[in-house]
Number of protein chains: 4
Amino acid sequence: MAKAHNITLLGAGLIGTFYTMTIQGQRSRDRIGAICALTEDEARAFARRWGIPKWTASMAKAVNDPDSDIVIIGLPNYLHKKAVTLAARAGKAVLCTKPLARSAREAMEIMEIVDKAGVFAGYLEDLVYTPKTLKSIASVKRGALGKVLWVRSRETHSGPHSAWFWDKKLAGGGAIVDLACHCIEIIRSFIGKKVRPVEVMCLADTIVHPIAAEDSAIALIRFEDRAVGQFEVSWAFRGGMDLRDEVAGTEGTIWLNHFLRTGYEMFTAGGGKGYVAEKAESETGWLFPVGDEVHELGYTNMFSDMFDAIDAGREPTETFLDGYIVNAVMDACYRSARTRRWEPVRLERWYKGAKKAKAGPAKKRAKARYSLIKEERMPDGTIKRLLQDWKTGRVIQKVKGR
Amino acid sequence: MAKAHNITLLGAGLIGTFYTMTIQGQRSRDRIGAICALTEDEARAFARRWGIPKWTASMAKAVNDPDSDIVIIGLPNYLHKKAVTLAARAGKAVLCTKPLARSAREAMEIMEIVDKAGVFAGYLEDLVYTPKTLKSIASVKRGALGKVLWVRSRETHSGPHSAWFWDKKLAGGGAIVDLACHCIEIIRSFIGKKVRPVEVMCLADTIVHPIAAEDSAIALIRFEDRAVGQFEVSWAFRGGMDLRDEVAGTEGTIWLNHFLRTGYEMFTAGGGKGYVAEKAESETGWLFPVGDEVHELGYTNMFSDMFDAIDAGREPTETFLDGYIVNAVMDACYRSARTRRWEPVRLERWYKGAKKAKAGPAKKRAKARYSLIKEERMPDGTIKRLLQDWKTGRVIQKVKGR
Amino acid sequence: MAKAHNITLLGAGLIGTFYTMTIQGQRSRDRIGAICALTEDEARAFARRWGIPKWTASMAKAVNDPDSDIVIIGLPNYLHKKAVTLAARAGKAVLCTKPLARSAREAMEIMEIVDKAGVFAGYLEDLVYTPKTLKSIASVKRGALGKVLWVRSRETHSGPHSAWFWDKKLAGGGAIVDLACHCIEIIRSFIGKKVRPVEVMCLADTIVHPIAAEDSAIALIRFEDRAVGQFEVSWAFRGGMDLRDEVAGTEGTIWLNHFLRTGYEMFTAGGGKGYVAEKAESETGWLFPVGDEVHELGYTNMFSDMFDAIDAGREPTETFLDGYIVNAVMDACYRSARTRRWEPVRLERWYKGAKKAKAGPAKKRAKARYSLIKEERMPDGTIKRLLQDWKTGRVIQKVKGR
Amino acid sequence: MAKAHNITLLGAGLIGTFYTMTIQGQRSRDRIGAICALTEDEARAFARRWGIPKWTASMAKAVNDPDSDIVIIGLPNYLHKKAVTLAARAGKAVLCTKPLARSAREAMEIMEIVDKAGVFAGYLEDLVYTPKTLKSIASVKRGALGKVLWVRSRETHSGPHSAWFWDKKLAGGGAIVDLACHCIEIIRSFIGKKVRPVEVMCLADTIVHPIAAEDSAIALIRFEDRAVGQFEVSWAFRGGMDLRDEVAGTEGTIWLNHFLRTGYEMFTAGGGKGYVAEKAESETGWLFPVGDEVHELGYTNMFSDMFDAIDAGREPTETFLDGYIVNAVMDACYRSARTRRWEPVRLERWYKGAKKAKAGPAKKRAKARYSLIKEERMPDGTIKRLLQDWKTGRVIQKVKGR
């Protein structure tokens, strides 16, 4: 039978719960062998709930558990580097939750640690792995949209649960670091991961919550092929968790709704109680649950890719280099929010052997004097043509066949 | 580690493919060990495509493979009984695709075969296991809709691929046998599986295809608690595969769309080619794919339930008794379509120890003379009450507090 | 300038309000000249609110107002005949709200009254005139769906406001008389108004409200061309007012949602107050208002058709004959609900000169032995054909070009 | 009867057709008395089609028609000033289509012309008047969303029909001038028309069509109360005409879809032919028509407001000042697209007596050391509070009641 993994999980919060539900869900052959939480009590409770044989409050002990071959990091951002260091030292495969780090500099340090140790490293960016996203990306690669011109990725809700998210120093920022990391990777996946993000313009603000970090941001990202990415993130959105992506290309468009409108609608006057969905705002009235959250949010496909990659000795779809690039784009966003200008994305590392992407469907400044804008057959059988006259700058109309 | 299963799969058609994708998908620990197809060539091709070690055109040989502990039947309806017989004789767990049989009589024979052999038997009704359906059923059980009054289940497309589906004798009927089996079980799951279906009124017709079987049918099913189920099935629907369910109760409603509107919308002018979704009608224009078909259609949860049930020594959610009841309801539909009357559902077997369901929110014919229909506080502070006067049969209005 | 009308309106309830908003809305040239309500006070208040010059509690006085040329009846069902009689006697055009009467017999009497008087008579069935419905009917007439096979019309909410609706004697019934009259006319409009409804099978029940009338019903209506209509009506639906229609034909399908999902979605945590929409259930959470109710519900187009018809001396789209047919179908529904059998629709009058509709796409029992079910080109270049063999009853497969 | 208007219409293109359908539609009392087109032939054909008594190719003659009291300008942008001049000189009310001018300077000149002449002037921005938009704005004004924080307005399709749109000099620009004028006014209407737009950041590009003007643009608009508007316009979108608006506030959200998803869905395999909707891309497959375009796009409400304003001697909702502000915002967008910086919106005129809007829900930098981020009651009965500590910059957690 195919290889089964024994995993050390660091972190027993919401993300650790989702990871565990996924890894031990359905007919999976992999198991969490050890859980590390903040306190011994929390660790024990989590272990009992999920049937995990070992628990501890010591990160080192958990990482060095002799039975586990993979370390999964589901910890607050400020602990990622420490955890990666321990895992790399133990020579184990390491999978780290998003964002990889609090800054591109820290992400680079993390990359160097695993590079030196030569261990497998996967970046746990789940939203790139949702079933709809994977299938859409495949369609885009087959050319269903022609050349991709624009991608919008929106991720908004009313704010996270845990305290550290709200702490700018521990998290590395606010809504951008929490949410835009998803959006950036979704945008890159549709435009093409080997197309360089060139510069960003970002507007960030703290409009609702009394915090030092930003609670809302919008940014435009320009890529070397002239495609544009656009993200909208917020901790101030009311109505639930809004996860939507839109892609437009020369030949078509894709609209994805991952959470609030997925063909599952319920009205209840209040007879029943129970969990509706992550960040749902109410338990009565019209509600919009999702079928299977861990699957719809991409966790299932993400861990399948990661573990299959380990088994096959190949790279996973999302690597630490991807995580680093995401951090670099977010760094540029923070700079732009301060300078109020387009800021370059500073990338000290890129894909080996990647070619520069060709500029997209450029403004075809004809060498000849005229460019054809459109041609239509009219009801009277004549052909109407609109032409850009580059010499005069005017648009002229020609009718043939009269 | 938890037990892994080695499976003999009978049938290498569309359903066999879906089953294999599911059972061997993601990080599953279970594997198909042997495939039996109609011909040796088909079996070999299927085995190669899916990495199955053994193949054969002999059903007996496949069933009796010494490595396998489960036999899965993905065969045309007319072969179910023969296959179950072989599996039962081999003393193996047997899982049979829907419908269980071509008639209640045949279903009863099949049940008796596995009962006598004492083997585990599961009914592979996938649409009861879709993530949306499972979660909805859980909400209903918690009381979110109050008392369920009405369930509509619709399953329509433009017709099946394989020849045997169209052959009334091999299939046992047409669109009802193919599609209504799903609807009936969805309806029962929402109303409560232990609530008896009492009688049916069915309209069946052959309106588009030149076949002996019905290509469209609508039916009403009355349950002992006065709830009503309604199915609409057709092989004559244009626009793709339409799978929708609606549930209405005294306190709320649920609307499920499993296929054509799930938050995944794509327009393509034709640049790309590729599989869109089961029974999609076109490859350009506005398309509505689904994210992960085997998951969205319930296959993943279905096999998890079946294999977990085997491992735990418990009954699966869907048993051969459920399959038998579905066949009994369909038999009543065929009778009703002929007699054009309400026909009783004849059930020779029922759940052991099940109590009769209480009648639903009955017309409360008050013992007192008046029943309160509604009471409203008016803008002027008075209370307006509408009362049914059972003696006169009239509705009267009373205003208090003037 | 085109002719402007002065109208006597009978009835100052919800329907009278909608009618007035429509008739005096936008840049209309027509005006309500006199309003008749139950009491002088109500009439005066209504007149002031809407700028109507005359008010009264006397139906005769209102109808005989010398300035008005049209009488519009927005009264409870049991007063329709009396009001029509007065209007006919006054020699004025009469427009009557739905349903025309409490029974086909009463509808026939009403028709005979206007026939003898020779006055213009229009049946105010608004939902046939919604912008979406009118455009859809036009598409169907142009053949966009091929032959119409099935129409579903659903109208459900949590129950009407006024007392008389709940009173079986005053209203002529319950949810069927209130709501199915809309559905039947929608169904007829899609199938073709000159296609005879032949018979109905109806299930009616009183499942939630303590009343003598039915609060829920489902019916199937068979037409002479084998098309099937299906209505679902209820006063027990939770979640708002659900108005949906679906049409399926041999070449396509149409799905209309008139109220709860029209591209207008709002979440509010409760900051604002105000009217959401007719029969909306709540004022917080996710709400689904409609843009312009009187337009979306068809009132605008309905009155334009009626007044234009009067001006042009032509029949309106909806006549008293249509109202009579609707009553006849509803009568058959009530009979069927009692007898639990298919009941014929008894029509004593029909369209003059209408031809019998041809039977729809019939089961083509080939005179030859075989009928072609489908033909597919396979990947290997061969042609696969499925044939119904009428002699043996079996489906056979033939492959050519190997 | 209320006053009826006789109108001179300048322009017989698509917009002139929509205006005529609206003004002469339903039971309107107003009539187009004279039509002016580019050629005598076009004018005559248009007049015949719509029952207009007079036609001409002379703008002066049409404007000075003795019977008309209103001049409506439905001409290409470069003719607006000339037409306004003629109408003002004739002392007639003038209504001008969007955009008011090709630049803020030209808009200012146009404003001054009508100011001097003292004639009524209305700005024909239809999309602010859609039924959904009007009702949404009313909800927002009642406080349903709390304080508005962000508005997205998207208007994209595959490009206009007439030649002059594509000509930068005649139109004053490309997609921004054609489409963003709508978006800007929608955004302003939701945020509050008296809240000043302060600065814009715009990205414009010519990515698909071989033209001198931009065919796509995205912009952010900052208002003095810290609300943000965001528009996305394009002539390169595939799939139809995409008109969507989203509004988010501190207490709720509104999502409007005006065109492609309005509860009207049709699949057709191609049996019928006919107009689907403005800028629809295909006639088969899944289509999404709108019910009544002139109503859904706001034309009906717009002309009612304009004509009612004239009758009442009040200002219309949309004035030339609004048109001027829109041009000023667009000018800033063009500057920003060139300089790649935030550019101030230069407004030489503003609403008389308007107060400066208060800054929105500002980052409440507490004077005290701590701000409360959130407070939750935990399952064990304790109260968990998250506090921003402004001195250290950290977020701390406090638990009470243990």
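Is Cys202(B) buried or exposed, and what is its relative accessible area? Keep that question in mind as we work through this predicted model together.

**Exercise 1. Classify Cys202 in chains B and C, then decide what its sulfur can bond to.**

*Solution.*
Step 1: Start with accessibility. Buried means under 20% relative accessible area. Cys202(B) has a value of 2%, so Cys202(B) is buried. Cys202(C), at 3%, is buried too.

Step 2: Look for a partner. For Cys202(B), the closest cysteine sulfur belongs to Cys333(B), 4.4 Å away. For Cys202(C), the closest one sits in Cys333(C), at 4.5 Å.

Step 3: Apply the cut-off. A disulfide needs two cysteine sulfur atoms within 2.5 Å. The gap in chain B is therefore too far for a bond, and the gap in chain C is too far as well.

Step 4: Check against the whole structure. Over all chains, the count of disulfides is zero.

**Exercise 2. Work out how helices H4 and H5 of chain B are arranged.**

*Solution.*
Step 1: Locate the helices. H4(B) covers residues 80-89 and H5(B) covers residues 104-117.

Step 2: Take the geometry. Their axes come within 9 Å and cross at roughly 5°.

Step 3: Name the arrangement. Angles under 35 degrees count as roughly parallel, so H4(B) and H5(B) are roughly parallel to each other.

Step 4: Find the residues that meet. H4(B) contributes His80(B), Lys81(B), Val84(B), Thr85(B) and Ala88(B). Facing them in H5(B) are Glu106(B), Glu109(B), Ile110(B), Ile113(B), Val114(B) and Ala117(B).

**Exercise 3. Do the same for helices H1 and H2 of chain D, adding the handedness.**

*Solution.*
Step 1: H1(D) spans residues 14-23 and H2(D) spans residues 40-50. Their axes come within 11 Å, crossing at roughly 25°.

Step 2: That angle makes H1(D) roughly parallel to H2(D).

Step 3: The crossing of H1(D) past H2(D) is right-handed.

Step 4: On the H1(D) side, Gly16(D), Thr17(D), Thr20(D) and Met21(D) make the contact. On the H2(D) side, the residues are Phe46(D), Arg49(D) and Trp50(D).

**Exercise 4. Identify the symmetry that relates chains A and D.**

*Solution.*
Step 1: Superpose the copies. A turn of 180° with a shift of 0.0 Å along the axis lays chain D on chain A, with an RMSD of 0.0 Å.

Step 2: Read off the operation. The two copies are thus related as by a two-fold rotation axis.

Step 3: Find what lies by the axis. In chain D, the C-alpha nearest the axis is that of Arg341(D), at 2.9 Å.

Step 4: Compare the contact surfaces. Of the contact residues of chain D, 100% recur in chain A, and the same surface serves both copies.

Conventions
Residues are numbered from 1 along each chain as its sequence is written. Chains are lettered from A and ligands numbered from 1 in the order in which they are written. This is a predicted model: local features need pLDDT of at least 70, side-chain atom pairs count only at pLDDT 80 or more; totals for chains, interfaces and linings use all residues. Side-chain values use heavy atoms; hydrogens and water are left out. Copies are superposed by least squares on the C-alpha atoms of residues with pLDDT of at least 70 in both. Contact means heavy atoms within 4.5 Å. Buried means under 20% relative accessible area, exposed over 50%, partly exposed in between (1.4 Å probe, protein chains only). Axes are lines fitted to C-alpha atoms, for helices over the stretch in contact, and angles run from 0 to 180 degrees between N-to-C directions. Helices (H or I, at least four residues) and strands (E, at least two) are DSSP runs, numbered from the N terminus. Angles under 35 degrees count as roughly parallel, over 145 as roughly antiparallel, 65 to 115 as roughly perpendicular and the rest as oblique. A crossing is left-handed if the near helix is turned anticlockwise from the far one by less than a right angle, and right-handed if clockwise.
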